[in-house]
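Visitor: Please show me the model, and then let us go through its surface, its fold and a few side chains.

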Amino acid sequence: NLIVSSTDLKPGKSTSGHSHPGQEEVYHFVKGKGEMKIDDKVFGVCEGDVVLIEDGKFHQVINNSKQNLYFVCVFDGTRSH
């Protein structure tokens, strides 16, 4: 039931951010650099990074660079958001 989705986030943009209780998610950053917010913690991400979003944690990706930030997410397919 796993779903794989990808996002090519333009410079200066961010995802809306969300959480999903009862489910984990994995983000793999393929190209570019930016920031990720998990709950109140903000940290840098770049090509090659893999981040586990723990069950129920709010998460958001921010592209504060001048290049596109491309990442892939893997999550349980029973969720819709």
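Visitor: What percentage of the exposed area of the protein do carbon and sulfur atoms supply?
Guide: This is a predicted model. The protein exposes about 5000 Å². The share of this area that carbon and sulfur atoms supply is 49%.

Visitor: Which residues make the nonpolar surface patch of about 250 Å²?
Guide: One member, Leu52, is found in strand 5, residues 50-53. Leu52 counts as partly exposed because its relative accessibility is 47%, and a patch residue needs over 30%. The patch is made by Val26, Val50 and Leu52.

Visitor: What pattern does the protein follow when read along the sequence?
Guide: The protein has zero helices and seven strands. Read from start to end, the pattern is β-β-β-β-β-β-β.

Visitor: What radius of gyration does the protein have, set against that of a compact globule?
Guide: The C-alpha trace spans about 35 × 25 × 20 Å along its principal axes. For 81 residues, a compact globule would have a radius of gyration near 12 Å. The value for the protein agrees with this: 12 Å.

Visitor: Among contacts between residues at least 6 apart in sequence, what percentage join residues at least 24 apart?
Guide: Contact here means heavy atoms within 4.5 Å. Of the contacts in the protein between residues at least 6 apart, those that join residues at least 24 apart make up 71%.

Visitor: Which side chains meet in a salt bridge?
Guide: By the rule used, the count comes to one salt bridge. The N to O distance in this pair is 3.4 Å, and the cut-off is 4 Å. The side chains that meet are those of Asp39 and Lys57.

Visitor: How many residues apart are Asp39 and Lys57, and where do they sit?
Guide: Asp39 is in the loop between strand 3 (33-38) and strand 4 (41-46), while Lys57 is in the loop between strand 5 and strand 6 (59-62). Asp39 counts as partly exposed at 31% relative accessibility, and Lys57 counts as partly exposed at 29%. The pair links distant parts of the chain, with a separation of 18 residues.

Visitor: Is Gln60 buried or exposed?
Guide: Gln60 lies in strand 6. Its relative accessible area is 16%, and the limit for burial is under 20%. Gln60 is therefore buried.

Visitor: The backbone oxygen of which residue lies 2.9 Å from a polar atom of the Gln60 side chain?
Guide: Not counting residues up to four places away in sequence, Gln60 touches Ser14, Thr15, Ser16, Gly17, Glu35, Met36 and Lys37. The backbone oxygen at 2.9 Å belongs to Thr15.

Technical notes: Residues numbered from 1 in each chain as written. Predicted model: local features only at pLDDT ≥ 70, side-chain atom pairs only at ≥ 80, totals over all residues. Heavy atoms only, no water. Patch = residues over 30% accessible without salt bridge, like charges linked within 9 Å, V, L, I, M, F, W, Y side chains within 5 Å. Areas by Shrake-Rupley, 256 points an atom, 1.4 Å probe, with all protein chains shown as cover. Helix = DSSP H or I, 4+ residues; strand = E, 2+ residues; numbered from the N terminus. Buried < 20%, exposed > 50% of the residue type's maximum accessible area, 1.4 Å probe, protein only. Rg over C-alpha atoms; globule rule 2.2 N^0.38 Å. Polar contact = N/O pair within 3.5 Å; in protein donor to acceptor, adjacent residues only side chain to side chain.
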